[in-house]
Every structure is written in structure tokens, then in C-alpha cells.
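I have opened a fresh notebook page for this protein. Come along while I look things up.

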Amino acid sequence: MIKKTSDKDKKDWENFLKNEKKIPNKNFASKENIRQKKINSISDKDKKDWENFLKNEEKIPNKDFGNEKKIRHEKIKKIDLHGYTIEEANKVVGQFIQKCFDESVTKIIVITGKGLRSKNVENPYLSKDLSILKYSVPEYIESNASLTKMIIETTDAKIEDGGSGAFYVYLKNKLKIR
């Protein structure tokens with residue numbers, strides 16, 4: 001419900017604004033009075049400490065700027081193992097992971113291929129799964145103790161990065177390990 005202001009209310013308001021005598025508020029304390037009370041309530045020791053602080057030229061670190069978290073920006077490298085034998089691929093991927101760890105790389109895309117054209121598939125004396133890089137390289141990485149110290153996790157790659165013919169290796173921050 002909206003109430004209209006009457007003419008009498010308007011005149012009273014105008015008279016109030018024109019009146020130079022303001023009604024004093026008994027509970028009102030001036031800023032100066034408040035400031036004086038605060039100054040009087042401070043101990044002599046606190047006053048001396050404050051004066052010493054103001055005289056001191058030593059820089060005080062600004063917590064808002066000095067303790068910024070160092071953000072580790074994503075750094076990605078790829079390695080393609082097409083055409084490598086199992087032994088060659090394991091050796092190369094081990095060296096590559098160590099090199100990437102030293103360079104603070106965060107993510108490695110290891111492309112192994114799907115193993116569809118592998119010549120080992122036709123050999124009945126070799127394991128079909130373990131003779132294909134797609135299966136043997138991740139197994140090598142997970143069983144190598146020196147490599148697992150550098151790795152957060154290995155996961156399957158997204159389709160745009162090779163899908164089932166590739167996987168990701170996420171590396172730890174070398175500064176936090178040592």
C-alpha cells in the first residue's frame with residue numbers, strides 16, 4: 001500500500017530542513033570525542049611501540065603479493081612409438097619420461113598405435129596382448145620403480161589424441177619430490 005504525502009507533511013518537512021537549530025541527540029558522540037577516548041585508552045607502551053614502528057624503515061612484506069601460489073602451467077609433449085620393437089619402445093619411453101620430468105613437463109601423450117598391423121599377431125609363440133605396444137608399454141612403465149616415482153597416473157587418451165592407440169602419462173612436479 002502506497003501512502004501519498006499530505007500537504008501538511010510536506011510543509012513540516014520543509015520547515016524541518018529550513019530550521020537551523022537541529023535537535024541534539026543525547027546518544028550522539030562527535031568523531032573528535034570518540035577519537036580522543038580511543039587515544040586515552042591506549043597504553044603508553046602501545047604508543048611507544050607504534051611510534052617505533054612508524055620510525056622503522058624496514059620493509060614489511062605484503063602478504064597479498066608475496067605468497068602467490070606458483071601455478072604449474074600445463075606443458076605437454078608427445079612421443080610416437082610406431083615401428084618400434086617392444087625393447088626399443090620401452091627403452092625410448094623410459095628415457096623420454098625422464099627427460100620430460102627434468103623439463104617439468106606435466107603431461108605426455110604416448111602414441112603406441114592399436115596393434116592392428118602388428119606382425120606378432122601371426123606368431124603363435126608370442127602373447128597377442130603383451131607383444132603389442134599398446135599393452136606392453138604401459139605395463140613396462142607401471143612395473144619400473146624409477147619411473148613410477150615421477151608419475152602421478154597413466155590414463156587412456158581422448159579420441160582427439162589417439163583414442164585407444166594412445167595413453168597419457170601425468171608427471172609429478174620435480175620441485176616437490178626432491
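What share of the contacts with a separation of 6 or more comes from residues 24 or more positions apart? I found 62% in the protein, where contact means heavy atoms within 4.5 Å.

A note on sources: this is a predicted model, where local features need pLDDT of at least 70, side-chain atom pairs count only at pLDDT 80 or more, and totals for chains, interfaces and linings use all residues. Residues are numbered from 1 along each chain as its sequence is written, and side-chain values use heavy atoms, with hydrogens and water left out.

Next I looked up the elements, and I noted 8 helices and 4 strands. Helices (H or I, at least four residues) and strands (E, at least two) are DSSP runs, numbered from the N terminus. From that end, I read the order α-α-α-α-β-α-β-α-α-β-β-α.

Then came burial: 23% of the 178 residues are buried, meaning under 20% relative accessible area with a 1.4 Å probe, protein chains only.

My favourite entry is the largest nonpolar core, which has 20 residues. Such a core is a set of buried Ala, Val, Leu, Ile, Met, Phe, Trp, Tyr and Cys residues joined through side-chain atoms within 4.5 Å. Ile97, Ile141 and Val169 are among the residues that touch the most other members. Helix 5 (86-102), strand 2 (107-111), helix 6 (133-143) and strand 4 (166-171) each give two or more residues to this core, and helix 5 gives the most, with 6.

I also followed Ile141: beyond its neighbours within four places in sequence, its contacts include Val93, Ile97, Phe167 and Val169.

Note on methods: Buried < 20%, exposed > 50% of the residue type's maximum accessible area, 1.4 Å probe, protein only.
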